[in-house]
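User: Please take a close look at one small part of this model. Then show me what lies around it and how the rest of the chain is arranged.

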Amino acid sequence: MEIAPGDASRSRSSTPISGSFSDRGVHVTNTAPSTADAHSAPGAGDFAARAHQIAKVYGHGDAKVIALDGVTVGIPRGRFTAIMGPSGSGKSTLMHCMAGLDSVDSGQVFIGDTDLTRLRDKQLTRLRRDKIGFIFQAFNLVPTLTALENITLPMDIAGRKPDKQWLDAVIDTVGLRQRLKHRPSELSGGQQQRVACARALASRPEIIFADEPTGNLDSRSGAEILGFLRESVRQMGQTIVMVTHDPSAAAYSDEVLFLTDGQIVDRMQGPTAERVLERMKGFDRPGVAAS
Ligand SMILES: Nc1ncnc2c1ncn2[C@@H]1O[C@H](COP(=O)(O)OP(=O)(O)OP(=O)(O)O)[C@@H](O)[C@H]1O
């Protein structure tokens, strides 16, 4: 099925993808705070992740690049947040710093109540494994493992047994029931990304970070993946942050954060592709950076 962008982000009654989580009594009412609250009161509110005044600089001297310039933001629980901005504005750096994949030069990053900047490497690795799900543009599946083995791999590594009922719900929702014994090379790009989504969701992480999750997919497969992410937020209360270049993809989110020159300069609740596109055009025109 396809969920129209824009419609999906606001129509909470959109049709679930096959075998929905709500069939299993998993339905969550979404009453999370806006990212705006984090600006006025850092540390307050129900945020799955928070950044407080984070800065990140690459290189030195003439090669110095300020990738993040004092970003303060909260990612509300149970919401789908998109991060957009011109190329080089710091989107990936922000995501990587918030996910503990990269360190910050100053400021603090929290997943739940845990300050990542105070963790040692081993603790950080454990936190990423236990609390964070990742979906990358390049799928990042293990080629020698089956779809099912890929889905359960993070839990296998952590020595945790999957919750069978939950795993079944995830597999049915992404429509992989008939493909579980296939290896990645026997799956289409869209199916491989479904495996990656199921892998991210299987352990019920605090938050999922998705970096251009539809960048390698045709528009139909991309729409399916976005519809699925949208539904996992709506029905399961999953928290998702997605970096994207695509206004149509951003339109599936609840809120878009706009980044330019390493700073969050604007945000948009209930986005549509048209409004996001208009907003992005504003960044090309001096003096229209904030409306
Ligand atoms: N490892 C690095 N070394 C040096 N500079 C870097 C590094 N990573 C990122 N940068 C620079 O930091 C800035 C922000 O990069 P980042 O990748 O976060 O931007 P982005 O908004 O994700 O870009 P894009 O949309 O093109 O992927 C850019 O100027 C980039 O060149």
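Analyst: Start with G175, just after helix 6. This residue takes a positive phi of about 70 degrees. Keep in mind that this is a predicted model.

Now step back into the helix itself. Helix 6 spans residues 164-173. Which of its residues are buried? They are A169, V170, I171 and T173. An α-helix has 3.6 residues a turn, so residues three or four places apart point the same way. What do the buried residues of helix 6 pack against? Their partners are helix 7, covering 189-202, and helix 8, covering 219-236.

Another positive phi appears in a hairpin. Strand 9 and strand 10 form this hairpin, with two residues between them. In its turn, D261 has a positive phi of about 45 degrees. The two strands are antiparallel, and six bridges join them. Strand 9 runs over residues 255-260, and strand 10 over 263-269. Two pairs are easy to find. T260 has Q263 in strand 10 as its bridge partner. F258 is matched with D266, also in strand 10.

The hairpin belongs to a wider sheet. Six strands make up this open sheet, in the order 6-7-8-3-9-10, and their pairing is mixed. Strand 6, residues 132-136, and strand 10 stand at the edges; each has a single partner strand, so one side of each has no neighbour in the sheet. From one strand to the next, the twist averages 20 degrees. Strands of a sheet pair through backbone hydrogen bonds, either parallel or antiparallel.

Helix 3 lies across part of this sheet. It crosses strand 3 (80-84), strand 7 (207-211), strand 8 (240-243) and strand 9. Its angle to strand 8 is about 150 degrees.

Helix 3 also leads to the ligand. It gives the largest share of the shell around the ligand, three residues. Strand 2 and helix 3 each supply at least two residues of that shell. Helix 3 covers 91-98, while strand 2 covers 65-76. Who surrounds the ligand? The list is Y58, G59, V65, A67, G85, S87, G88, S89, G90, K91, S92 and T93. By type, the shell has eight polar residues, three nonpolar and one charged.

Strand 2 brings in a second sheet. This open sheet has four strands in the order 2-1-4-5, paired antiparallel. Its edge strands are strand 2 and strand 5 (114-115), each pairing on one side only. Strand 1, residues 47-58, pairs with strand 2 over nine bridges in the antiparallel sense. Within that pairing, A55 stands opposite D69 of strand 2.

How far should you trust the picture? The chain averages a pLDDT of 84, and 82% of the residues score at least 70. Residues 1-33, however, have a pLDDT below 50. The model still gives this stretch 73 contacts beyond near neighbours in sequence. Residues 36-44 also stay under 50, with 14 contacts beyond four places in sequence. Where pLDDT is low, the predicted coordinates should not be read in detail. For the complex, the predictor gives an ipTM of 0.98 and a pTM of 0.84.

Definitions and conventions: Residues are numbered from 1 along each chain as its sequence is written. This is a predicted model: local features need pLDDT of at least 70, side-chain atom pairs count only at pLDDT 80 or more; totals for chains, interfaces and linings use all residues. A residue is near a molecule or strand if its C-beta atom, placed from the backbone, lies within 6 Å of it. Ala, Val, Leu, Ile, Met, Phe, Trp, Tyr, Cys and Pro count as nonpolar, Asp, Glu, Lys and Arg as charged, and the others, Gly among them, as polar. Two strands pair if DSSP finds at least two bridges between them. Axes are lines fitted to C-alpha atoms, for helices over the stretch in contact, and angles run from 0 to 180 degrees between N-to-C directions. Two residues are in contact if their C-beta atoms, placed from the backbone, lie within 7 Å. A residue is buried if 20 or more other C-beta atoms lie within 10 Å of its own, exposed if 12 or fewer, and partly exposed in between; C-beta atoms are placed from the backbone. pLDDT is the predictor's confidence in each residue, from 0 to 100.
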